[in-house]
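Okay, everyone, let's get going. I'll take you through one structure today, starting with the holes inside it and then moving on to some helices and a few odd backbone spots.

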Amino acid sequence: MFLLPAHGTAQLKKSPTGHDHGTFVLHKFARAIGKETWQIKPDAKGNTVLTSDFLFTDRGGKVPLKTTYVASAAHEPVSLKVAGKSSRLSELNDEFRLDGKRISLLRSGTTTTYLTKGPAFLIDGYSPVAMQGELMRWWLAHNKPALIETPPGGSIHIQPAGDLMAGGTTLHGYVVNGLIWGGETLWLDDDRQLAALVSTDAEFDHFEAIREDLEPSLGTFIQAAAKNSLAALAQLASSAQEPPAKRLAIVGVTLIDGTGAAAAPNSTVVIEDGRISSVYRGAMPKLKDVTVLDGHGKYLIPGLWDMHAHYEQVEWGPIYLAAGVTTARDCGNEFDFITTVRDTLASGNSIGPRLLIAGIVDGTGPRTLGAITADTPDEAVAVVRRYKAAGALQIKIYSSMKPALVPVITREAHRLSMTVTGHVPDGMTTVQAVEAGMDQINHINYPYADFLPKDLVRSAPVTDLDFQTPAVQHALAVFRQHATVFDPTMTVFEMQLHMSTMPIASVEPGMAHLPPQLAAALDTPGIPLSEATHLAKLYSTLTATLRTLHENGNPIVAGTDQSVPGYSLHRELEIYVEQAGFTPMQALQSATIVPARVMGLDKQLGTIEPGKQADMVLLNADPLADIHNTRRIAKTISAGAVYDPAPLWTVVGFKP
């Protein structure tokens, strides 16, 4: 039903003439957060003029965008003006004009001119939604060109994605690639009117826009978009997987098995039917009927874990494998999307790591995130049971949850053999959250806030923290007693607090490999010099907090949140070693056996030992000599399947 058809969709009727208008309900993480109203009218010159008023509220932040688009009577773009924001953090104030093959862009007071060679359209990212409708009308009216130039972002490719029934209406699906990083899916009705869009916003979070009359079908659109994208991605990435071998031997490799044992040169690891059957150290056995993977001069480590993922696009699948990540814990997502992706990956019908779900729940408030909320004990229990029935291993509590409901959630989760992670809800301290039953805490800023002197304004950083005060020692004792697990997501704070004098690319070489849409969003100018000293001290206290928790014996698990896709897990490990006192082995274990253990999966995963799943990474250099060498990936082995990283990177627009 949702797979890409071999041929095009049914012929669409032409759009009706005259005045046109409509309203889209805007969603983030499947939660309605605003609306876009638009209309199209003719002007005195015979052109058609689209005006759009786009507004949503994301976690208390207003995101308004006003747009005026002018097209000729023949649907040719003339001009586009957008003014406002495309996310809480992204200003969008651009003016475009198209004159023949010449596109001019006025941005930040500077006009840039682009010369086009083929069909071209004026569009400025995912928003406003009405412009995507105009893009599709233009594409259909111009005989569906294979590529559409859209300076300054690059080019767009559109392909049909089959029909879908929603609200008693047959809608025609299309996958649009190149407007955002990766693909998005939209649907048109028989009148060539845009009915629904499933995309990501300028923060790379889930974003959906649904025509008001189709709002009850939101979940159907989300599931269909995920299946479309997963099917297309599996086909594109198939060349990256080496032919499957029933019995595979990695020979002559230096083995770092993840248990903490010393590296073992000249080792052989044998894999059968996706599991490790034998490990030989220091001697090459005589093997028959095996496919050999030469590991001489290379280093074999367990498959890496990202313990703070937000798997918001299917394009993350190839990226994770290319980066050596074979297991990812999703820390909050859309229910319909993430369960569809997890199940499709588990069935082997697409490409990506093993996916574990921490189901997000928030409370109702001005900063609520997501569609799943709980405001009463009965609602809290029902949410936990829903996630358990869906196969989630954890509950993730978010910031607006009522503190009184935290013990309700943790009791029910523990009764169902689940654990609880998340943010510390507003109005609680980290100690209170742990004592209320939270097993794990996301982000280093929460314990840091607990360690601040009580008479200090919480938003103000301090030069140094005194970890010997009675209050801090009490907090550390509570964390130690409960074996509280922390995923600090240091890369997020490093990116947010990096100085303008030290571009993020100077510490994260992965920036040079990004597709244009991602590079533009992530390569921010940094903190101005006027704030450098102030924020450098803040960052140093965050790393000191991590060092203290590590020395306190608390399990630390590596996670990235939303940073540089694929690469940031390696940066996370580098920060642990360079700034927080970890040995390279301890850093490796924070992304292998420690997360396997805290997720209750250490009998199957986390080390290279007989009987375990064959998740491994073959490196070209020794990570124990230099933790940066985790980036030097020769092969990724996931459940016994061997992948070459280069085509995995390129299939999603990265430079290998």
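So, what lines the second largest cavity? Phe-24, Trp-38, Ile-40, Leu-50, Val-129, Ala-130, Gly-133, Glu-134, Arg-137, Arg-192, Gln-193 and Leu-194 do. Before I go on, keep in mind that this is a predicted model. The space in that second largest cavity comes to about 70 Å³. Which elements supply at least two residues each to its lining? Those are strand E2 (31–42) and helix H1 (129–141), and H1 has the largest share, with five residues. By type, the lining splits into seven nonpolar, two polar and three charged residues.

Let me zoom out for a second. How many cavities of 30 Å³ or more does a search of the whole structure turn up? Six. The largest of them holds about 140 Å³ of space. It has 15 lining residues, and the closest to its centre are Gly-183, Val-198, Ser-229, Glu-312 and Phe-337. Strand E12 (183–188), strand E13 (194–200) and helix H2 (218–237) are the elements that give two or more residues to that lining. Here the split is five nonpolar, seven polar and three charged.

Back to H1, since we just met it at the second largest cavity. Is H1 mostly covered or mostly open? Mostly covered: twelve of its 13 residues are buried. The buried set includes Val-129, Ala-130, Gly-133, Glu-134 and Arg-137, and those five names also appear in the lining of the second largest cavity. From first C-alpha to last, H1 reaches 19 Å, close to the 18 Å expected at 1.5 Å a residue.

Both ends of H1 have something to look at. Going in, the peptide bond from Ser-127 to Pro-128 is cis, with omega near 0°, and Pro-128 sits in the loop between strand E8 (110–115) and H1. Coming out, just after H1, Asn-143 takes a positive phi of about 60°. There's another cis bond, from Pro-151 to Pro-152, with omega near 5°. Pro-152 is in the loop between strand E9 (148–149) and strand E10 (155–166).

Next, helix H5, residues 377–389. Its 13 residues should span 18 Å at 1.5 Å a residue, and the end C-alpha atoms are indeed 18 Å apart. Which residues of H5 are buried? Ala-380, Val-381, Val-383, Val-384 and Tyr-387. Looking down the axis, they fall within an arc of 160°, so they line one face of the helix. As a reminder, an α-helix has 3.6 residues a turn, so residues three or four places apart point the same way. On the other side of H5, Asp-378 and Ala-389 are exposed. And what do the buried residues pack against? Helix H4 (335–346), strand E22 (354–361), strand E23 (394–397) and helix H6 (406–415). Just after H5 comes Gly-391, with a positive phi of about 90°.

If you follow the chain to H6, the loop between H6 and strand E24 (419–422) holds Ser-417. Ser-417 isn't a glycine, yet its phi is positive, about 65°. Is Ser-417 buried or exposed? Exposed, because its relative accessibility is 64% and the cut-off is over 50%. Ala-30 is another non-glycine with a positive phi, near 65°, and Ala-30 is in the loop between strand E1 (20–28) and E2.

Now helix H12, residues 532–551. With 20 residues at 1.5 Å each, the expected span is 28 Å, and the end C-alpha atoms agree at 28 Å apart. Among its buried residues are Leu-535, Leu-538, Tyr-539, Leu-542, Leu-546, Leu-549 and His-550. The cover over the buried residues of H12 includes helix H8 (445–451), helix H10 (490–497), helix H13 (568–579) and helix H14 (584–590), along with H9 and E26. Following H12 there's Gly-553, with a positive phi near 90°.

H9 and E26 bring me to the last stop, Thr-484, in the loop between helix H9 (470–482) and strand E26 (485–487). Where does Thr-484 fall, buried or exposed? Buried, with a relative accessible area of 0%. Leaving aside neighbours within four places in sequence, Thr-484 is in contact with Val-434, Asp-439, Ile-441, Val-478, Phe-479, Asn-554 and Pro-555.

That's my tour, thanks.

Key: Residues are numbered from 1 along each chain as its sequence is written. This is a predicted model: local features need pLDDT of at least 70, side-chain atom pairs count only at pLDDT 80 or more; totals for chains, interfaces and linings use all residues. Side-chain values use heavy atoms; hydrogens and water are left out. On a 1 Å grid over the protein atoms alone, a cavity is a set of points where a 1.4 Å probe fits but cannot get out, and a pocket is an open set with protein on both sides within 12 Å along at least five of seven lines; lining residues have an atom within 4 Å of a point. Grid points are joined across faces, edges and corners, and a volume is the space filled by probe spheres set on the points. Helices (H or I, at least four residues) and strands (E, at least two) are DSSP runs, numbered from the N terminus. Ala, Val, Leu, Ile, Met, Phe, Trp, Tyr, Cys and Pro count as nonpolar, Asp, Glu, Lys and Arg as charged, and the others, Gly among them, as polar. The expected span of a helix is 1.5 Å times one less than its number of residues. Buried means under 20% relative accessible area, exposed over 50%, partly exposed in between (1.4 Å probe, protein chains only). The arc is that of the directions from the helix axis to the C-beta atoms. Contact means heavy atoms within 4.5 Å.
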